[in-house]
Amino acid sequence: MKKTEPYGFMSIFYIVMKLPLFVKVTLLALLLFLVTHVPLMAQQGSPLDKPITLSLKNEPLKQALDKITAASGIRFTYNETVASSQAKISIEAKNQKLENVLTAALSNQPYTFSLLDQEILIRFDAEKLKKPNAVPAANPASNSKFTVSGTLTSKASGETLIGATIRAVGASQGTSTNEYGFFSLTLPKGNYQLAVSAVGMKNEIISLTLDGNKKMDLALEENSQELATVNIVAKARGSRDLGNPQMGVEKLNIQDIKNVPVLFGEKDVMKTIQLLPGIKSAGEGNGNFYVRGGGADQNLILLDEVPVYNASHLLGFFSTFNSDAIKNMSIYKGDMPAQYGGRLSSLLDIKMNEGNNQKFGVSGGIGLIAARVNVEGPIQKEKSSFLFSARRTYADLFLKLSSDSTINRNQLYFYDFNLKANYILGEKDRLYVSGYLGKDVLVARDVADINWGNSIATLRWNHIFSNKLFSNTSASFSNYKYNINIKEDVNEYNIFSQLRDWNLKEDLQWYANSKNSVSFGFNSIYHTIKPGEISATGNSGILSQNLQNRYSWENAVYASNTWKATDRFSLTYGLRISAFSILGKGDYYDLDGNGNIIGNTSYASGELVKTYYNLEPRLAMAYQLNENSSVKASYARNAQNLHLISNSNAGSPTDKWVASTNIIKPEQADQYSVGYYRDFSEHQYELSAETYYKQLYNQVDYRNGANIFTNQPIETQLLYGKGRAYGLELLFKKKAGRLTGWISYTLSKSERKIDGINDNLWYNARQDRTHDIAVVAMYKLTNKWTLSANFIYYTGDAVTFPNGKYQIDGVNYYYYTSRNASRMPSYHRLDLGATKQLKQTKKFSSELVLGLYNAYGRENAYTIFFRDKKGDPTQTEAVRTTLFTFVPSISYNFKF
């Protein structure tokens, strides 16, 4: 038997060279454009080498830069913080290099410069601040330490700022705000200047005399960056924290996805994350996604801490998340923090906006097939606020224009509502109430009526016990259900299914000292699953049945600590202990090796059937090689007790969620990861490379010929085994300048080995893809126009095609051998977008968004099925269907 080895460099090179020629050419061109954009321009004669002659005395910084531009023709790029600086610059230069002139002029100022394209970037640098008495303490021998804590918000809206950084200038100590804007920083007694920064906000320096514990709530001003005289740097993207041990995490705010072109022009968080490495689309027009070789059900999706079990509208063409209501999102690719669990592959954590507590505002948009509106404002100024967002498609309105009664009586639409309110109860308490309601309706009059949707609600209470201990208590409700009504002549039958959760969660964060940050808490969820309720009339032969409800109680406790061992080395370690209890009322079965029922046991209401316990350790470490690069490694174990039973790649509202039973055991996964991270050119560029290996246990797949709609227990249709997944993920980002964007590439393998399938040999998981490439670019053409594009290529999905056919009584039947041994054709497309700013004032703004999905009209295969050739049933033909070729879109957005 030939020995298989992990991918080496030459193997990767060989595989890449096997890609289609046009893909290699397209990818190479885009790579060269992004990666060499700055270096090649710099080689064409650096602006820093240009000699200048100039005399200035105590000139304000902005005016000084303007005069340098007038004298040399060299342009500068900077943000509003630099433009509004009161720093005074003096220059006496005669035929000197501009680099030497700037070095001398800024030597005693908190600003640095670097080359950006053919312009020079000027940026604020807190490290250069002159700080009187900024040593840690008046008495260096003193061991006194005190804590400064508080909440960081936006001055314009009152929204809390997540992931903002607060650090002591000239010292190694620093911290960041949690998901509710709270921070705590412990320092030795002394005088400090604190540098405070957040994405999209002006940097601030706060003077602080720390001679006791202090509470300090801060509000930052937005960085409007609306200077007409200069080329503005794109909004700072939250640079990856090189010293943070957390791996496999990507964070985006709503501005990051604003210009990414998507289908029908509707901005979509779910579609945007699929352009990141390690995260794969489940197919065109599909809301599901796969992370690091895991299934679609192995992703935990949270909206304001509440699980969302079906995150798709219109069978996957839209997600349930209205971008107008979203504040930011984070996705963890398997290495999730200990407070999260219940899924094997990823956590997608989405936070809703809190509402503006300073002033009222309305925003929205109108597109080709959908419209949305967002209203927010204070309930009591600076104390409380509300947010209301609504969205609806109106494709069904176009159906009414048809003169055909079989069309104009049909319906096809969805709607959703987001609601949130928050109340500041006092200095130490804050209350949040949020909810979501969404529903899809698909009606073919006199044929079928299908509707499905989610409803969630949550109540959260933040309490600050002390300057070092923060608490978040949440109580929530989640309900997902679908209802199908089918009519066939005089026959009619109805299918109803439901998954309902009640959830209580307590999270505490203890900032023990300057080196240790501890998180601990618990989570308790009561699940009720109605697998299916079928009622039938007429003589269709379908029998009414009511499958038994399943009840379970899922509990977990956790604790973790992030320890900053040295200035270069950090370690996060933790443990999550989960317990899943199966409860009555109901019958639980015993099966033989062929899936036949050989016995059952009945349990009374509330009676304990079985409890599964799982220890889930987490370990991550980071070593910072220098201030621009680091290496990280991690290990995580996860367990999962809810399983999605589906025999379709496309994802359907009728897919069944089932809980672990006496037969279906909890799924488990061990993931090992190693990564390298580097920043370039003053954090304007970012490169990351991660490799992982994942072992999976108790994986679920179908028996050959399974029927998930049988009236038999679902366990009779299933088989169990193990899996493995491994891969390499590369991400390169350009985060500043007129051109921004990223390139992501994933090389991966995902396999399963289940007794009873494929002769008990390893076979491809249906989400297995060798290559996945995405190139995303945004270009600021003028102050009015922004252009965007993304190119996507991936290897075709693993599928099972027939290997032959046979005939019985004159009827042809197909037979199949190896599971998932065939491939769909490779998928690729190019999307284009353009945004024009129509009007921009302090009180009103509007824009026009144009898009072209699949710009070169690639006919990607959506499905391929086989049939007897017409006129010659001895021959077989493959029939390929395509969803979209060219799809233009236009939408109008406004805000006032």
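A residue counts as buried when its relative accessible area is under 20%. Keep that cut-off in mind as we walk through this model, which is a predicted one. Tyrosine 309 makes a good starting point: its relative accessibility is 10%, so it counts as buried. Its aromatic partner, tryptophan 657, is buried as well, at 9% relative accessibility. The two rings meet edge-to-face, with 5.4 Å from centre to centre and 75 degrees between the planes. Tyrosine 309 sits in the loop between strand 18 and strand 19 (312-313), while tryptophan 657 belongs to strand 40 (residues 656-659), so this pair links parts of the chain that are 348 residues apart.

That pair has plenty of company, for a search of the whole structure finds 22 aromatic pairs. In another of them, phenylalanine 182 and tyrosine 511 have ring centres 5.8 Å apart and planes at 55 degrees, so the pair is tilted. Phenylalanine 182 lies in strand 9 (residues 182-188) and tyrosine 511 in the loop between strand 30 (491-510) and strand 31 (516-537), so the contact ties together parts 329 residues apart in sequence. Phenylalanine 182 is buried, with a relative accessible area of 1%, and tyrosine 511 is buried at 8%. Both rings belong to one aromatic cluster together with Tyr180, Tyr432 and Phe470. Tyr432 also has a charged visitor: the charged end of arginine 460 sits over its ring, 5.1 Å from the centre. Elsewhere, arginine 550 places its charged end over the ring of tyrosine 588, 4.0 Å from the ring centre.

Now let us turn to the nonpolar interior. The largest nonpolar core has 39 residues, and Ile273, Phe289, Leu303, Phe321 and Leu348 touch the most other members. Among the elements that give two or more residues to this core are helix 7 (269-273), strand 17 (299-303), strand 21 (326-332) and strand 22 (346-352), along with strand 46 (771-780) and strand 47 (785-794). Take a closer look at phenylalanine 321, whose contacts beyond four places in sequence are Met270, Ile301, Leu303, Val308, Ala311, Ile326, Ile350 and Arg391. Apart from this core lies another, of 28 residues, including Leu54, Leu56, Tyr78 and Phe124.

Several of the strands just named also meet in an open sheet. Five strands make up this sheet, in the order 14-21-22-17-18, with mixed pairing. Strand 14 (249-253) and strand 18 (306-307) stand at the edges with a single partner strand each, so one side of each has no neighbour in the sheet. Strand 14 runs antiparallel to strand 21, and 5 bridges join them; here glutamate 250 stands opposite isoleucine 331. In the loop between strand 20 (318-319) and strand 21 we find serine 323, which is buried at 10% relative accessible area and touches Ile254 and Lys267, not counting residues up to four places away in sequence.

Helix 6 (residues 98-105) is worth a stop too. Its buried residues are Leu98, Val101, Leu102 and Ala105. They span an arc of only 95 degrees around the axis, which means that they lie on the same side of helix 6.

Finally, some backbone details. Most residues other than glycine have a negative phi, and most peptide bonds are trans. Asparagine 58, in strand 1 (residues 51-60), has a positive phi near 50 degrees. Asparagine 854 has a positive phi near 60 degrees, and is buried with a relative accessible area of 0%. The peptide bond from glycine 584 to lysine 585 is cis, with omega near 25 degrees.

Notes. Residues numbered from 1 in each chain as written. Predicted model: local features only at pLDDT ≥ 70, side-chain atom pairs only at ≥ 80, totals over all residues. Heavy atoms only, no water. Core = buried A, V, L, I, M, F, W, Y, C linked by side-chain atoms within 4.5 Å. Buried < 20%, exposed > 50% of the residue type's maximum accessible area, 1.4 Å probe, protein only. Helix = DSSP H or I, 4+ residues; strand = E, 2+ residues; numbered from the N terminus. Contact = heavy atoms within 4.5 Å. Pairing = 2+ DSSP bridges. Arc of directions from axis to C-beta. Phe/Tyr/Trp six-rings, centres within 6.5 Å; stacked < 30°, edge-to-face > 60°. Lys NZ or Arg CZ within 6 Å of the ring centre and 35° of its normal.
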